[in-house]
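Please open the model in your viewer, with the sequence panel beside it, and keep a selection tool ready. The tour below moves from one selection to the next and says what is to be found at each stop.

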Amino acid sequence: MSQKKIFEASPESKAKAKQLRLFAILSWLIAMAGQVFAILKLIHDETLVWLIVAIVVILALAITGSLLWKKANKLDPASEQQKVKFFIQNQLGAIMGVLAFLPLVIFIFMNKDASKKTKGVAGSIAVVALLVAGIVGIEFDPASIEKYTEQINQQTDLVEQLNNGNNHVYWTPSGNKLHLYDDCHTIKNSNVSDGTVKQAWEARGIDNNEVCQFCMNRSAKEKELNLDEILNNVSSDIIEE
Ligand SMILES: [Zn+2]
């Protein structure tokens with residue numbers, strides 16, 4: 001394998017990630033403010049409906065924050081080497097989702113002014129909201145610099161073998177495929193960019209880039225290469241490292 005290429009988010013991706021994180025934090029702050037308001041003003045029998053409305057609004061804000069946060073982490077992933085930072089950065093959505101409801105749940109069940117019925121209804125809705133916000137916030141498959149780097153090197157190797165040693169691919173803003181041919185039928189009439197595999201990853205900021213199957217088949221056929229053998233070699237190269 002040629003020298004190792006290490007992923008680094010482009011300045012555009014970093015700027016976009018920063019903006020998304022700012023909006024995520026803003027959503028969480030408003031959710032927290034909503035929670036404080038609900039705790040102070042809404043835990044009474046007469047305000048049960050408003051308490052439920054508040055829980056729904058807080059849940060929407062917590063989920064919005066998590067989704068923005070996850071998107072930012074795809075654009076500008078953390079490194080697995082810093083274990084604590086990696087965990088917190090990827091699971092912050094889940095942490096904030098739980099924090100957006102846990103104090104409220106405790107205050108609902110501890111409240112002396114509310115009836116048992118109010119506590120039962122509001123309490124169970126708040127617990128469900130806590131679970132939903134927590135689970136939606138969990139990142140089950142976190143992106144990382146190391147994962148992106150491994151994919152880039154694997155795909156560069158594959159592209160070079162199929163492309164006479166040239167590390168050159170084409171991509172479109174919307175698809176997740178890296179193409180070997182700019183006239184591939186799947187990118188007809190699209191706005192096509194080109195560059196190295198690493199440039200494609202850094203420009204796109206998504207974690208599921210793949211080499212186009214149509215282009216691989218076409219190249220293997222034109223150059224009389226055994227595609228299965230190449231794919232096998234590329235994946236075993238990675239395992240050997
Ligand atoms: Zn293609």
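Before the first selection, one convention is needed: a helix axis here is a line fitted to C-alpha atoms over the stretch in contact, and the angle between two axes runs from 0 to 180 degrees between N-to-C directions. Please also bear in mind throughout that this is a predicted model.

**First stop: the two domains**

Colour residues 11–137 as domain 1 and residues 145–240 as domain 2, which is how the chain is divided. If you place a marker at the centre of each domain, taken over C-alpha atoms, the two markers will be 39 Å apart. Where the domains meet, 6 residues of domain 1 are in contact with 7 residues of domain 2, and the domain 1 side of this contact divides into 2 nonpolar, 2 polar and 2 charged residues.

**Second stop: H3 against H5**

Now select helix H3, residues 83–99, together with helix H5, residues 116–137, whose axes lie 7 Å apart at an angle of about 170 degrees. Angles over 145 degrees count as roughly antiparallel, and H3 and H5 are therefore roughly antiparallel to each other. To see the contact itself, show Gly93, Ala94, Met96, Gly97 and Val98 on H3, which meet Leu130, Ala133, Gly134, Val136 and Gly137 on H5. The residues of this contact comprise 6 nonpolar and 4 polar, with no charged residue among them.

**Third stop: H2 against H3**

Keep H3 selected and add H2, which packs against H3 at an angle of about 180 degrees with the axes 9 Å apart; H2 and H3 are therefore roughly antiparallel to each other as well. On the H2 side the contact is made by Ala62, Gly65, Ser66, Trp69, Lys70 and Asn73, and on the H3 side by Gln89, Asn90, Leu92, Gly93, Met96 and Gly97. This contact of H2 with H3 divides into 4 nonpolar, 7 polar and 1 charged residue.

**Fourth stop: the nonpolar cores**

Which residues touch the most other members of the largest nonpolar core? Select Ile58, Ala62, Ala126 and Ala133, which hold that position in a core of 33 residues. The elements that give two or more residues to this core are helix H1 (11–41), helix H2 (48–75), H3, helix H4 (102–110) and H5, and H2 gives the most, with 12 residues. Centre the view on Ala133 and, leaving out residues up to four places away in sequence, you will find that Ala133 touches Leu59, Ala62, Ile63, Gly97, Val98, Ala100 and Phe101. Apart from this core lies another, of 21 residues, which includes Tyr148, Val169, Tyr170 and Val234. In soluble globular proteins, nonpolar side chains tend to be buried together.

**Fifth stop: Ala17 in H1**

Move to Ala17, which lies in helix H1. Is this residue, Ala17, buried or exposed? Ala17 counts as buried, because 21 C-beta neighbours lie inside 10 Å. Residues up to four places away in sequence aside, Ala17 touches Ala72, Leu75 and Asp76. A distance drawn from the C-alpha atom of Ala17 to that of Lys71, 54 residues apart along the chain, should read 7.6 Å.

**Sixth stop: Ala203 and Asn233**

Next select Ala203 in helix H7, residues 197–204, which counts as partly exposed because it has 15 C-beta neighbours inside 10 Å. Apart from its neighbours within four places in sequence, Ala203 is in contact with Ser10 and Ser193. Between the C-alpha atoms of Ala203 and Lys16 the separation is 12 Å in space, against 187 residues in sequence.

From there go to Asn233 in helix H9, which is likewise partly exposed, with 13 other C-beta atoms within 10 Å. The C-alpha atom of Asn233 is separated by 10.0 Å from that of Gln154, and the two residues are 79 apart along the chain.

**Last stop: two positive phi values**

Most residues other than glycine have a negative phi. Asn189, although not a glycine, has a positive phi of about 60 degrees; look for Asn189 in the loop between strand S2 (177–178) and strand S3 (193–195), where it counts as exposed, with 6 C-beta neighbours inside 10 Å. Finish at Glu224, in the loop between helix H8 (213–222) and helix H9 (227–240), whose phi is also positive, near 55 degrees. Glu224 counts as exposed because it has 6 C-beta neighbours inside 10 Å.

Conventions:
Residues numbered from 1 in each chain as written. Predicted model: local features only at pLDDT ≥ 70, side-chain atom pairs only at ≥ 80, totals over all residues. Helix = DSSP H or I, 4+ residues; strand = E, 2+ residues; numbered from the N terminus. Parallel < 35°, antiparallel > 145°, perpendicular 65-115°, else oblique. Contact = placed C-beta atoms within 7 Å. Nonpolar A, V, L, I, M, F, W, Y, C, P; charged D, E, K, R; others polar. Domains from an automatic or database assignment. Core = buried A, V, L, I, M, F, W, Y, C linked by C-beta atoms within 7 Å. Buried ≥ 20, exposed ≤ 12 C-beta atoms within 10 Å, placed from the backbone.
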